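Work through the following exercises with the structure open beside you, and try each task before reading its solution.

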Amino acid sequence: MSTGSPTALSACAIVATVAVSALLRWRRKQQGSSPLPPGPPRLPIVGNMFDMPTTKIWETALEWGKTYGDMVYIEVAGVPMLLVNSFDISMDLLTKRSSIYSSRPRMIMAEIGGWGWATPMVPYGETLKWHRSILHKFFSSPSLLKYTDSQQQGCYMFLRQLLEAPDEYDRHVRRLPSAVMMMNTYGHSVKDDNDRYVIQGETCARMITDFNGYFILDLMPWLRHIPEWVPGAKFQRLARESRELSKSYKHDLYALTKKNYLEGKAKECVTTLYLDGATNEAGVVEQEESFGDVTSIVFLAGSDTSVLAIMNLVLAMLKFPEVQRRAQEELDRVVGTDRLPTFNDREQLPYVNALCSEVLRWQAIGPITIPHYTTEEDEYKGYRIPKGTMVLANIWAMARNADVYPDPLEVKPERWLPGGANFNSIRPEEFVFGFGRRICPGRVWAEHMLFIAAASLLSAFKLERALDAEGNLIPLNEHYEGETVRYLGKSECKITPRTEKVASLIREHAESF
Ligand code: HEM
């Protein structure tokens with residue numbers, strides 16, 4: 001979600017441009033039958049433009065919620081937005097009424113930057129359905145792609161890297177989901193941190209995140225026609241660079257995998273499985289262009305998010321050592337010390353499973369959904385929600401609602417266990433992945449990845465806070481930044497193998513990778 005300030009462009013231009021259309025819209029709305037949902041007072045033309053935070057809209061939405069309720073309506077220069085702080089309302093609108101709440105607004109910077117084809121940007125319709133059907137087929141369960149095998153293998157490698165360079169845990173965490181994703185999507189084996197395709201993917205992901213500062217273009221789409229040489233139009237340079245990157249990113253790895261496939265050298269992955277079924281006798285691949293679009297988005301959408309889930313897990317373990325101790329006690333009892341955990345152990349590890357749920361709740365990775373967009377006017381609880389409203393569900397607010405989750409800032413896996421405070425409550429997995437027809441298609445893959453990473457890490461290593469030269473605890477890094485996802489850097493810590501035996505087990509397994 002982009003919430004950048006319009007400061008880059010002159011306020012006069014903004015006012016002049018939106019004045020006529022916004023005034024007309026405003027007049028029309030005043031004549032409508034039901035009132036709009038409550039929200040901070042709007043000025044006639046610019047609406048709430050000057051109330052908009054430049055960062056962390058989810059915090060402002062929660063603050064506004066204290067005055068206006070769980071559904072806060074604002075308008076920014078004629079663009080209607082609904083911020084939803086509650087799970088129930090998000091379900092009512094985005095899931096139960098998904099036939100009209102499932103599109104996406106135009107995101108001009110993504111369009112001119114060459115990313116209009118990316119699944120999260122695609123408006124609701126046949127193209128989106130096709131993208132999602134492919135993603136569903138391969139990621140909604142591990143049965144077809146058997147991705148749990150590569151997640152398991154990736155974890156052995158991860159443990160090995162931790163053994164060798166524990167201080168660089170953030171680097172190893174970053175590599176784990178990326179390498180598994182590359183293997184699952186393209187059969188590409190990531191050998192080291194300098195992998196060309198991973199770097200390319202990460203550069204794209206960063207670039208797309210930078211688009212956040214150009215929300216102003218969505219309000220005044222005509223600005224896209226300003227030439228690059230005009231002062232203040234540096235977005236055109238970014239868009240040009242992004243178009244080039246987007247093209248090569250989409251093309252390079254797919255082309256390599258297809259070549260390997262045709263030569264009989266490719267490892268089984270989403271691309272080869274698709275090519276198996278979609279190549280006709282003349283060698284023509286059905287919907288090849290669209291398929292390339294879908295595969296390219298998997299790494300971009302799935303890598304950073306899954307990395308952050310594991311980074312949050314590590315932080316939780318350093319901050320709440322008693323939780324780590326209980327998880328390890330369960331792992332020792334169920335898995336023992338002669339082997340490393342596998343997915344077969346999952347059902348016997350309720351505390352570790354609860355820990356994974358709790359980590360997803362404790363620090364929302366994507367604090368707010370990507371904007372949903374209404375394709376028809378709606379009426380809800382006596383309020384009118386105009387056609388063309390951007391609807392943002394505040395995942396961050398839901399996750400730390402103290403009325404539902406007591407002590408929301410604490411990590412308490414036991415809350416999810418029988419008899420625990422939240423045993424019968426809404427599970428984090430029901431909202432941290434979004435809602436309705438735009439719900440994250442990678443959630444099952446991500447849940448598997450987090451489970452096996454947590455079980456492997458805690459089975460093998462002890463995580464402790466680091467001490468300074470005077471023997472004092474070094475403060476943890478709890479600083480999050482980013483708008484689309486909340487990035488977290490590493491904390492100073494000590495990561496040591498729990499036994500000599502586990503260290504040799506790790507060496508054995510990693511050698512057979
Ligand atoms: C812990 C990890 C993850 C989290 C927290 C997460 C969260 C989300 C959220 C909140 C959305 C927006 C949903 C909405 O608009 O209602 C989303 C969309 C999406 N996610 Fe994930 N995600 C994760 C992992 C993944 C993975 C592994 C993949 C790859 C298979 C993936 C692919 C996507 C795609 C393609 C979309 C866009 C869907 C659409 O617009 O229809 N995500 N994700």
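**Exercise 1: The iron atom and its donor**

Task: Find which protein atom serves as donor to the iron atom of the ligand, and where its residue sits in the chain.

Solution: The model is a predicted one. Looking around the iron atom of the ligand, we find a single donor from the protein, the SG atom of C440, at 2.3 Å. We then place this residue along the chain, and C440 turns out to lie in the loop that runs between α15 (395-399) and α16 (443-460).

**Exercise 2: Cysteines without a partner**

Task: Explain why C155 and C356 do not form a bond with each other.

Solution: We begin with the cut-off, since a disulfide requires two cysteine sulfur atoms within 2.5 Å. For C155, the closest cysteine sulfur belongs to C356 and is 11 Å away, which is too far for a bond. Starting from C356 instead, the closest cysteine sulfur is the one in C155, again at 11 Å. A search of the whole structure agrees with this reasoning, as it finds zero disulfides. As a last step we look at accessibility, where the cut-off for buried is under 20% relative accessible area: C155 has 0% and counts as buried, and C356, with 7%, is buried too.

**Exercise 3: Checking the length of two helices**

Task: Test whether the end-to-end distances of α7 and α10 agree with a rise of 1.5 Å a residue.

Solution: Helix α7 covers residues 169-186, and its 18 residues should span 26 Å; the C-alpha atoms at its ends are 26 Å apart, so the expectation is met. Helix α10 covers residues 234-262, and its 29 residues should span 42 Å, while its end C-alpha atoms are separated by 43 Å, which agrees. We can add what surrounds and follows these helices: in α7, 15 of the 18 residues are buried, so that the helix is mostly covered. After α7 comes G187, with a positive phi near 65 degrees, and α10 is followed by G264, whose phi is also positive, near 70 degrees.

**Exercise 4: Two domains and their interface**

Task: Describe how domain 1 and domain 2 meet.

Solution: The domain assignment gives domain 1 as 35-112 + 366-400 and domain 2 as 117-365 + 401-511. Their C-alpha centres are 27 Å apart. Turning to contacts, 40 residues of domain 1 touch 43 residues of domain 2. Together the two domains bury about 3,500 Å² between them, and 66% of this area is on carbon and sulfur atoms. Within domain 1, M109, I112 and R400 supply 23% of the area it buries against domain 2, more than any other three residues.

**Exercise 5: Three buried residues in helices**

Task: For Q161, Q324 and L457, state whether each is buried or exposed, and name residues that each one contacts, leaving aside neighbours within four places in sequence.

Solution: Q161 is found in helix α6 (residues 147-164), and its relative accessible area of 11% makes it buried; its contacts are P166, H172 and R175. Q324 belongs to helix α13 (residues 321-334) and, at 3% relative accessibility, is likewise buried, with M317, L458, F461, K462 and L463 in contact. L457 is part of helix α16 and is buried at 1% relative accessible area, while its contacts include F158, L159 and L162. Finally, sequence separation can be set beside distance in space: L457 and P227 are 230 residues apart along the chain, and their C-alpha atoms are separated by 52 Å.

Technical notes
Residues numbered from 1 in each chain as written. Predicted model: local features only at pLDDT ≥ 70, side-chain atom pairs only at ≥ 80, totals over all residues. Heavy atoms only, no water. Buried < 20%, exposed > 50% of the residue type's maximum accessible area, 1.4 Å probe, protein only. Donors = N, O, S within 2.8 Å, 3.2 Å for Na, K, Ca; no water. Helix = DSSP H or I, 4+ residues; strand = E, 2+ residues; numbered from the N terminus. Expected span 1.5 Å × (residues − 1). Domains from an automatic or database assignment. Contact = heavy atoms within 4.5 Å. Buried area = accessible area lost by both parts, 1.4 Å probe.
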